[in-house]
Amino acid sequence: MSLTLSLVAPASFTAPELLDQAAEALAELGIHVRFPPQLQARCRYLAGDVAHRLAVLQAAYVDPDTDAVWAVRGGYGCAHLATEIDWSRLPPKPLIGYSDLSVLLSQCQRHGLPAIHGPVMKEGLKLVAEDPTVRAASRRDLEALKGLLQGEAPPSVALSAITAAPDHRSSGPLVGGNLAVLASVAGTPLAFRAPPGAIVILEDVGEPYYRLERDLWQLVQSGALDTAGAVCLGTFEGCEPYADLRLETLFETWLTPRGIPLFGGLPIGHGRDNLPWRYGAPASIVDSRLHFSA
């Protein structure tokens, strides 16, 4: 079964030729994308000023002939839109993306709208990458995205228990996203706050360890994780280590005193793997496996 998705550019600018190439590759997989008359109207490093990006987003939501709204990329700028959207007027059409989209996904969950944390449209280019392992991973994740949009649940994923007890069990809504983005909106009307019992997924890219710790500290001190049931780490692609410091130690330092169990090993983030999942949907951890819902 093929799908048709409306494209939006709520954050940074993308070279149009890359989007054309990605669209061609995605069509071979049965994923068809609809470009609006003017997807981007470049403004600095952004895909347009706030008014333009907002208009494209709103038009995508009300298009009756598309199955979902798909961000072409993240980068920077989504928070600008989140404070301007009239969330009560948006239809229940899924929004798909990750990274800077984390702030919009979080607001969708807050306002009862469906959202999917998963590959952005530009990553369709991975389908024609030279590395066969990248091509295979991209096909798997995009097929999983199609499955989610057609009501199928992703397969469960094995976790590594970092501080959690071997028999730990958690269940709650699945939320989270990019650590730096979520930390950046602390103290604003868009502030992320994990629902009671939530399983929080965190990932990041290109941040040295001291910045990761700074962002985590800010998130923790803001109360964002006060009622979380567990934290699961995705990938931290290209994050520069400090000496022999383990990434897990940063999270243990601030989560263990608060009694928040910590897991790792999720194939989610900016690296080769980015398994999609339905934002805010029920999930559970049983026997060190994360079980998703459709």
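Visitor: If buried means under 20% relative accessible area and exposed means over 50%, with partly exposed in between, where does Q107 fall, buried or exposed?

Guide: This is a predicted model, and in it Q107 has a relative accessible area of 3%, so Q107 is buried. The residue sits in helix α4, and its C-alpha atom is 9.2 Å from that of A191, although 84 residues separate the two along the chain.

Visitor: And what share of the chain is buried?

Guide: Buried residues account for 55% of the 294 residues.

Visitor: What does the chain have in the way of helices and strands?

Guide: The chain has eight helices and 14 strands. Its radius of gyration is 18 Å, close to the 19 Å that the globule rule gives for 294 residues, so the chain is as compact as a globular protein of that length. Taken along the principal axes, the box that its C-alpha atoms fill is roughly 50 × 40 × 35 Å.

Visitor: Switching to backbone angles, which residues other than glycine have a positive phi?

Guide: Two to look at are R44, with a phi of about 55 degrees, and S99, with a phi near 60 degrees. As background, most residues other than glycine have a negative phi.

Visitor: Where do R44 and S99 lie?

Guide: Each is in a loop: R44 lies between β2 (31–34) and α2 (50–62), while S99 lies between β4 (95–97) and α4 (102–110).

Visitor: Is R44 buried or exposed, and what about S99, buried or exposed?

Guide: R44 has a relative accessible area of 56%, which makes it exposed, whereas S99, at 12% relative accessibility, counts as buried.

Visitor: OK, charges next. How many salt bridges does a search of the whole structure find?

Guide: The search finds ten. In one of them R140 pairs with D141, their closest N and O atoms being 3.1 Å apart.

Visitor: Those two are neighbours in number, so how accessible is R140, and how accessible is D141?

Guide: R140 is partly exposed, at a relative accessible area of 41%, while D141, at 2%, is buried.

Visitor: Which side chains does R246 meet in salt bridges?

Guide: R246 meets E248, with an N to O distance of 3.7 Å. At 26% relative accessibility E248 counts as partly exposed, and R246 is partly exposed too, with a relative accessible area of 42%. The side chain of E252, which counts as partly exposed at 23% relative accessibility, also forms a salt bridge with R246, again at 3.7 Å from N to O.

Visitor: Which residues are joined into one network by salt bridges that share partners?

Guide: Such shared partners link R140, D141, R272 and D273 into one network, so the pair of R140 and D141 mentioned earlier belongs to it.

Visitor: What forms the negative surface patch?

Guide: That patch is formed by E17, D20, E24 and E28. Of these, D20 lies in helix α1, which covers residues 16–27, and D20 is partly exposed, with a relative accessible area of 47%.

Visitor: One last residue, R258: where does it lie?

Guide: R258 is in the loop between α8 (247–255) and β11 (262–264), where it is partly exposed at a relative accessible area of 38%. Its C-alpha atom is separated by 26 Å from that of W277, which is 19 residues away along the chain.

Notes:
Residues numbered from 1 in each chain as written. Predicted model: local features only at pLDDT ≥ 70, side-chain atom pairs only at ≥ 80, totals over all residues. Heavy atoms only, no water. Patch = residues over 30% accessible without salt bridge, like charges linked within 9 Å, V, L, I, M, F, W, Y side chains within 5 Å. Areas by Shrake-Rupley, 256 points an atom, 1.4 Å probe, with all protein chains shown as cover. Salt bridge = Lys/Arg side-chain N within 4 Å of Asp/Glu carboxyl O. Lys, Arg positive; Asp, Glu negative; His and termini not counted. Charge placed at Lys NZ, Arg CZ, Asp CG, Glu CD. Helix = DSSP H or I, 4+ residues; strand = E, 2+ residues; numbered from the N terminus. Buried < 20%, exposed > 50% of the residue type's maximum accessible area, 1.4 Å probe, protein only. Rg over C-alpha atoms; globule rule 2.2 N^0.38 Å.
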